[in-house]
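You asked for a quick read of this one before you open it yourself. Here are my notes, in the order I would go through them.

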Amino acid sequence: MSPRRNRPKGADPSGGDDSSGRYGGFQSTESWQGEEWNIRHVAGASAQGKSYRCPGCDQLIPDGVPHVVAWPDHSGVDERRHWHKACWNAKDRRTSRVQRSRNAPRF
């Protein structure tokens, strides 16, 4: 007898895109810089195992921290970027060039 497969609660049995349950948040569309952007809010419990670098402040988003994943609607999910929620909300007020401190890692 083979072992039982455990699936996450609310998993789509058809294997389609799950816009809310899998990543612990909800997905929406937002207009920014003349483009449509897909925005997915990721809950802290779903953000386990990997840290990301926020393009807004150039700081690490440690695993377990709630954040926002954004990508242009015309491109695929390969263009996804992980933002702090505050950085995404302040994206229009930020300058285009973020300066790193002298000892910051270059990623």
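**Notes on the fold and a few residues**

1. Start in the middle of the sheet. Strand β2 (residues 35-42) and strand β5 (residues 67-72) run antiparallel and are joined by six bridges. Two positions help you find the register: Asn 38 stands opposite Trp 71 in β5, and His 41 stands opposite Val 68 in β5. Keep in mind that this is a predicted model.

2. Now widen the view. The open sheet has four strands, in the order β1-β2-β5-β6, with antiparallel pairing. At the edges are β1 (27-32) and β6 (81-83), each of which pairs on one side only. Ignoring direction, neighbouring strands here are turned by 35° against each other on average.

3. On its other side, β5 meets β6. These two also run antiparallel, with three bridges between them. Val 69 is a handy marker, as it stands opposite His 82 in β6.

4. How enclosed is β5? Six of its six residues are buried, so the strand is largely enclosed by the rest of the structure. In a regular strand, side chains alternate between the two faces of the sheet. For β5, both faces are covered: one side has His 67, Val 69 and Trp 71, the other has Val 68, Ala 70 and Pro 72, and all of these are buried.

5. For the chain overall, count one helix and six strands. Along the sequence they follow the pattern β-β-β-β-β-β-α. The chain has 107 residues, and buried ones make up 28% of them. Looking at contacts with a separation of 6 or more, 41% are between residues 24 or more positions apart.

6. Tyr 52 is worth a click. You will find Tyr 52 in strand β3 (residues 52-53). Is Tyr 52 buried or exposed? Neither quite: its relative accessibility is 25%, and since buried means under 20% and exposed over 50%, Tyr 52 counts as partly exposed. Setting aside neighbours within four places in sequence, Tyr 52 is in contact with Gln 59, Leu 60, Ile 61, His 67 and His 82. That list includes His 67, one of the buried residues of β5, and His 82, which lies in β6. Tyr 52 and Trp 83 are 31 residues apart in sequence, yet their C-alpha atoms are 8.3 Å apart in space.

7. Next, the aromatic rings. There are five aromatic pairs in the count. One of them is Trp 83 with Trp 88: the ring centres are 5.1 Å apart and the planes are at 80°, so this pair is edge-to-face. Both partners are buried, with a relative accessible area of 8% for Trp 83 and 2% for Trp 88. Ring pairs also tie these two together with Trp 32 and Trp 37 in a cluster.

8. Then look at what Lys 91 does beside that cluster. Lys 91 is in the segment after α1 (85-89). Which rings does its charged end sit over? One is the ring of Trp 88, at 4.1 Å from the centre, and another is the ring of Trp 32, at 5.6 Å from the centre. With 11% relative accessibility, Lys 91 counts as buried.

9. Lys 91 has polar partners too. Its side chain makes a polar contact of 3.1 Å with the side chain of Glu 30. A polar atom of the Lys 91 side chain also lies 3.0 Å from the backbone oxygen of Trp 88. Leaving out neighbours within four places in sequence, the residues in contact with Lys 91 are Glu 30, Trp 32 and Trp 83.

10. One backbone detail to finish. Most residues other than glycine have a negative phi. Asp 58 is not a glycine, but its phi is positive, at about 65°. Asp 58 belongs to the loop between β3 and β4 (60-61). Is Asp 58 buried or exposed? Its relative accessibility is 15%, so Asp 58 counts as buried.

Methods
Residues are numbered from 1 along each chain as its sequence is written. This is a predicted model: local features need pLDDT of at least 70, side-chain atom pairs count only at pLDDT 80 or more; totals for chains, interfaces and linings use all residues. Side-chain values use heavy atoms; hydrogens and water are left out. Two strands pair if DSSP finds at least two bridges between them. Axes are lines fitted to C-alpha atoms, for helices over the stretch in contact, and angles run from 0 to 180 degrees between N-to-C directions. Buried means under 20% relative accessible area, exposed over 50%, partly exposed in between (1.4 Å probe, protein chains only). Contact means heavy atoms within 4.5 Å. Rings of Phe, Tyr and Trp (its six-membered ring) pair if their centres lie within 6.5 Å; planes under 30 degrees apart count as stacked, over 60 as edge-to-face and the rest as tilted. A charge sits over a ring if NZ of Lys or CZ of Arg is within 6 Å of the ring centre and within 35 degrees of the ring normal. A polar contact is a pair of N or O atoms within 3.5 Å; within protein, one must be able to donate a hydrogen and the other to accept it, and residues adjacent in sequence count only if both atoms are side-chain atoms.
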